[in-house]
Amino acid sequence: MKNIDRAQPALPGPGLWSGLVFYLLLTLFFSLNTLAQETKPLINSTLKGTISDASTGEKLIGASILIQGTTHTASSDRDGGFNFVTGQKFPYTLIVKYIGYKTKTLVVDGSPVDVKLDPEASQLQDLIVVGYGAQDRKTLTSSVATISGKQIEDIPVAGVDQMLQGQASGVLVSSNTSVPGSGIFIRVRGSSSINASNDPLYVVDGVFLNNRTLQSISTGGQQTSPIADLNPGDIESIEILKDANATAIYGSRGANGVVLISTKRGKLNRKAKVDIGYYRGVSKAIKFWPTITGQGEGILQNETFLNDGGAYDKRPFRPKSEGGLGLPEEQPTIDRVGLIFQNAPTENVDLTVAGGDAKTTYYFGGNYYNQDAIVKPDRFRRASVRVNLGQQFNEKTKTGISVNLVNTSRHMTPNNNVPNGTVNGALYTPVYLSLFNEDGSYARPSLFENPVAAIKETVFKDVGTRITGNVFTEYKILEGLKFRTSWSVDFNESKADNYFNSKLQLGQAPINGIGTSALNRNVTLINEQLISYDKVWDNVHQFNLTLGNTLQKETFETTSVTGIGYPTDEFTLVASSASQTGTSRQSQAGLVSFFGRASYGYNLKYMIDASIRADASSRFGKDNRWGYFPAAGLAWRASEEDFIKELNLFSELKFNTSYGLTGNQNGIPDFAALGLWNGGNNYLSTSGIVPFQLVNPNLKWETTTQFNAGLNMGFLKDRLHLEFNYYNKNTTNLLLQQPISQKLGFASIFSNSGEISNKGFEFSLNAQLVARKLFSWNTRFNISTNKNKIEKLNTPILDNRTIMQQGSPLYSFYAHKQLGVNPANGDVIFQDVNGDGLLSDADLQIVGNAWPDFFGGFGNEFTYGDFDLNVFFNYSIGNKIWNNTRYRMGHGGSRNGVFAQLDEQLQRWQQAGDITEVPRMTAKGNNASIISDRFLEDGSYARLKTLSIGYKLPKVFLAKYHISNVRLYVAATNLITITRYKGVDPEVNTMGDNQNVMGYDQAIASQPRTFQAGFNLSF
């Protein structure tokens, strides 16, 4: 493929250069002001000392030192030291303050003092990682959710994204399938786009992960998850940036939220610590589909035949002597579904070494993870190595490097929407039909693949290699003024091979085998420069200024070749086939960005910050290449006001609000604005090219504006912490592929059209209910709601029982509404929307949507002596699920025996006067052909997601073996699910590769129930 006008990233605009000059002048002013200040020492007394962190020994710079009852003050220097010369006579009382630490009071007599400050034991004093820096939680003006590594360490899943489920308010997470390593549905404060991506940005130690799936050979609706490449055991903490003030500094990447992942690192002056973790588990299906017996199939098919006017002596299930299939009671019941499930083992091994000396820190981590799926023969394996190093060359210069090497292997089979899938073949084939022919070959008595053949004969393997890394150097120019430069890479490659031999449905004669080999590679390179200035005056005024620049280049390439007709099934390489066809594609995109942020706080009471980012993308036309994304936030810690302190009620009371803009370009082609030509259109033996894409120089960014208002309250010395947030997001200029007149030679064009809104409330609670030496009890709870609405859309879009249209939310289901079943004749009564007395497409209507009314999580952590217990639930209330499995197997007609049937068909209408919602058996008329909302179900559920019990061996016992800690534990996941949903699992989405469909269930196995046992050992 060639493009007429390859886009090039533009240079920064003049406004940004002027901003840079302003910043340098501001820095010079502060530097000269500092140098101009003179200390006028008094006589009589001199006090020397140092101030450091009591737990880590780290020297604290800028700590405030005050002599009680006087105005004499000082600050600690870059080494944490101070030399206090005053006219005050010894002894006197010294008061030492530092942000984030408990104030310390001590009496000094003139001898050197070593003051060790304890960190504030408060949930609000945590240091939170934000965009290009860290911030004390007290000073946040943004909405940020924090998840510690401890919260998720006992959840045995392949990917980090699965671990987020129910852990943070405003973050909706759902597993699409039971296949390990497959895609996850995750939304931060709703869905804002139709064509562009709705997935959040993942940043791991400064590396921007590309979450573009590399799977190019379809398995029928599910795609692999690139986030499964990250080992959860390496995670120290996760911060989820939700509002525009937190995400705008990421510009075009922040519209859907940002997930910042910090991995574990060594610490200075710490001896090497070795941690070994191991667990082994087994998974099994929670629930199976309730299919009827072979006898039931015979009865229902006979009834269908007779209801449709067939003669009794010609009914299909009659004695074989009369030419029939045998009487219903003579039919066998073959458990195909049971054949494809297994008790699937899981194994995980972690080994880490971390530590450091006076200048160097190190962390080495290795992981091996192996999980079989509960449906044969799928499995996922991951082997990874992580290296994090830090080096302090001198007091001004330090550098660091993070590298993660991952190899993954997936064994896959077709599933979900394809007739050759394992589950489809087992579930949909009527149970009385044989698995094997008389000669022992695989029988295929219906549309679907023989499940035994799908398990034993399919060769489908995907091997991935991923290298992510970041190297940085930081230089302290002046006190508080730092420059940082970094380079990062995300190299992701997938090699997939599949072969359907002559014994399989796709490869049987006359094809005689079909195979495909595909190589896909995605490489992202990023270079960033960052200047930051931090200044604290009198421990009252806090100022920060950050300026930065990002250069990004992304390259994607794919090559695929397919072969048909193999000499024998022993030759599986494409080169052995009789005919081959191939395709290849390559594209690249560039992004140039400039950003800045300034923040000011007064006495930890009033905070204001503002940021702006400018992005230039090669995906847009020259006139619209630049996008500008500003944001600002305010916070007021009312608990620091005297009139609030007098109430003696709050340990924390903070109001915050923010407003900002973010952009989106992810998910559209790399040259979406350009006119493109495509080669390979040949005539006879002459090669040729044709127009491939219509040019649109006016194509520009999707833009999301977001308002956030928050309230944080702490009680009982922050043992009880409550947080409320309200947000209102509005996305305009949606990047849509709009249909156009075929007269132009094209079917569609990318353009900006449409608008989507999301608004909702979030609430979270964290409480330390009991905190005693022998027993403790902590609880956490969160609940969220999101209202999604398509504000503007020129043309409705229909897609798999769903519709996108103006005035309705995304993920709306579209069907005929069933009012009941006529007791007189057993036919479905449909709502006549337009009142014309006819049933047609004009009577289709929106019958519900997949968005939950409320969702969240609830957890409790208990410790008693050396025992610990962790219980965590997640829930979703009010969401709808389209149960297409029920439609196929229980729609009122038997589809002439092609599909097996569910036992709910036994509740069908049979004679006049029957009251039921299941119509009479028929393969004709509206009962069989019209899709009603009877198959749209309430998908609400509450699930005991994790339950773990641990025990730490006594340290007295371990000391003689030089072991610092051993914890033994057992755990279970998906232990109990409370739901009225009739399918096997309410957490489902068949259309995992279609971001505009949610809550669609078709032949998806349940999430597995897993039991595991393991240990963690440290020395």
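## Strands β18, β50 and β52

Val 282 has Phe 1011 in β52 as its bridge partner. This pair belongs to a longer match in a predicted model: strand β18 (residues 270-285) and strand β52 (residues 1008-1018) run antiparallel and share eleven bridges.

Strand β52 also pairs with strand β50 (residues 965-979), again in the antiparallel sense, over nine bridges. Here Thr 973 is matched with Thr 1010 of β52. In a regular strand, side chains point in turn to one face of the sheet and then to the other.

## Confidence in the model

The average pLDDT of the protein is 87, and 93% of the residues score at least 70. Two stretches stay under 50. One is residues 1-43, for which the model has 60 contacts beyond four places in sequence. The other stretch is residues 121-125, with 17 such contacts. Where pLDDT is low, predicted coordinates should not be read in detail.

## A hairpin and its next neighbour

Strand β27 (residues 579-602) and strand β28 (residues 606-617) are antiparallel partners with twelve bridges. Within this pairing, Ala 598 is bridged to Ala 610 in β28. The two strands form a hairpin, with three residues between them. In the turn, Asn 603 has a positive phi of about 55°.

Strand β28 pairs with strand β29 (residues 626-637) too, through eleven antiparallel bridges. Asp 609 has Gly 633 in β29 as its bridge partner.

## A mixed sheet of five strands

Five strands make an open sheet in the order β11-β16-β17-β14-β15, and the pairing is mixed. Its edges are β11 (144-148) and β15 (207-209), each of which pairs on one side only. From one strand to the next, the twist averages 20°.

Inside this order, strand β16 (residues 235-241) and strand β17 (residues 258-263) are antiparallel and are joined by six bridges. One of the matched pairs is Ile 235 with Thr 263 in β17.

## An antiparallel sheet of four strands

Another open sheet has four strands in the order β4-β3-β6-β7, with antiparallel pairing. The edge strands are β4 (73-75) and β7 (104-108), and each of these pairs on one side only. Neighbouring strands of this sheet are turned by 25° against each other on average, with direction ignored.

Strand β3 (residues 64-67) meets β4 over three antiparallel bridges. Ser 64 stands opposite Ser 75 in β4.

## Enclosed space

Rolling a probe the size of a water molecule over the atoms shows where space is left empty. A search of the whole structure finds eleven cavities of 30 Å³ or more. The largest cavity holds about 220 Å³ of space. It is lined by 25 residues, and those closest to its centre are Leu 172, Val 173, Ser 174, Ser 876 and Tyr 941.

Which elements give two or more residues to this lining? They are β12 (171-175), β45 (854-864), β46 (867-877) and β47 (880-883). The largest share comes from β12, with four residues. Sorted by class, the lining has 13 nonpolar, ten polar and two charged residues.

Notes. Residues numbered from 1 in each chain as written. Predicted model: local features only at pLDDT ≥ 70, side-chain atom pairs only at ≥ 80, totals over all residues. Heavy atoms only, no water. Pairing = 2+ DSSP bridges. pLDDT = per-residue confidence, 0-100. Contact = heavy atoms within 4.5 Å. 1 Å grid on protein atoms, 1.4 Å probe; cavity = no way out; pocket = protein on both sides within 12 Å on 5 of 7 lines; lining within 4 Å. Points joined across faces, edges and corners; volume = space filled by probe spheres on them. Nonpolar A, V, L, I, M, F, W, Y, C, P; charged D, E, K, R; others polar. Axes fitted to C-alpha atoms, helices over the stretch in contact; angles between N-to-C directions.
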